[in-house]
Amino acid sequence: MIDASHVYCANCRAIQPVEFERFVASEPSMGTAARCSRCGFLAFTMISEARVYCDVCDDVRPALLHEYRPAGLLSGGLVRCAVCYASRARLYGTKVSAK
Ligand SMILES: [Zn+2]
Ligand SMILES: [Zn+2]
């Protein structure tokens, strides 16, 4: 699900290229931040491929990925918390596949 190239940025209110940044470069289990590459807005925090930080639950939760309506040529994926179903982020990419 990391094949996303773009993310919906709530700060820019637009779909922007996404940047993934590990909090600890050598330790992927510490989490990866998905940021807007234009303004640096933190779209969401991914702990591993299947877990995200949910700020509604205030905890690390399993992630669900739903197909979302495409934007132009990019297919869309909605990342949700599997516990409270709050949507965490909208990802766009050429190959967003649900796992
Ligand atoms: Zn932005
Ligand atoms: Zn939640």
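In the predicted model, Gln16 is located in strand S2, which spans residues 14-22. With a relative accessible area of 9%, Gln16 is buried, because this value falls under the 20% cut-off. Its side chain is engaged in a polar contact with the side chain of Arg38, at 2.8 Å. When residues up to four places away in sequence are not counted, the residues touched by Gln16 are Ser5, His6, Val7, Cys9, Cys36 and Arg38.

Two of these contacts of Gln16, Cys9 and Cys36, are also among the protein donors of the zinc ion (ligand 1), which are the SG atoms of Cys9, Cys12, Cys36 and Cys39, lying 2.2 to 2.3 Å from the ion. The angles among the four donor atoms run from 105 to 115 degrees, and the site of the zinc ion (ligand 1) is accordingly classed as tetrahedral. Along the chain, the donors of this ion follow the spacing C-x2-C-x23-C-x2-C. Cys12 is placed in the loop between strand S1 (6-9) and S2, whereas Cys39 is placed in the loop between strand S3 (32-36) and S4, so that the pair ties together parts lying 27 residues apart in sequence. Cys12 counts as partly exposed, at 30% relative accessibility, and Cys39 likewise counts as partly exposed, at 36% relative accessibility; both assignments follow because partly exposed covers the range between 20% and 50%.

Val7, which is one of the residues touched by Gln16, also belongs to the largest nonpolar core, a set of 13 residues in which Val7, Phe44, Val52, Val79 and Leu91 touch the most other members. Two or more residues are given to this core by each of strand S4 (42-48), strand S6 (59-71) and strand S8 (87-93), and S4 gives the most, with three residues. Leaving aside neighbours within four places in sequence, Val7 is in contact with Ala14, Ile15, Gln16, Val18, Ala43, Arg90 and Leu91; of these contacts, Leu91 is itself listed among the core residues that touch the most other members.

Strand S4 also contains Met46, which counts as buried because its relative accessibility of 3% is under 20%. Between Met46 and Ala86, the separation is 40 residues in sequence and 15 Å in space, taken from C-alpha to C-alpha.

Terms used: Residues numbered from 1 in each chain as written. Chains lettered and ligands numbered in written order. Predicted model: local features only at pLDDT ≥ 70, side-chain atom pairs only at ≥ 80, totals over all residues. Heavy atoms only, no water. Helix = DSSP H or I, 4+ residues; strand = E, 2+ residues; numbered from the N terminus. Buried < 20%, exposed > 50% of the residue type's maximum accessible area, 1.4 Å probe, protein only. Polar contact = N/O pair within 3.5 Å; in protein donor to acceptor, adjacent residues only side chain to side chain. Contact = heavy atoms within 4.5 Å. Core = buried A, V, L, I, M, F, W, Y, C linked by side-chain atoms within 4.5 Å. Donors = N, O, S within 2.8 Å, 3.2 Å for Na, K, Ca; no water. Tetrahedral: all angles 85-135°; square planar, octahedral: opposite > 155°, others 65-115°.
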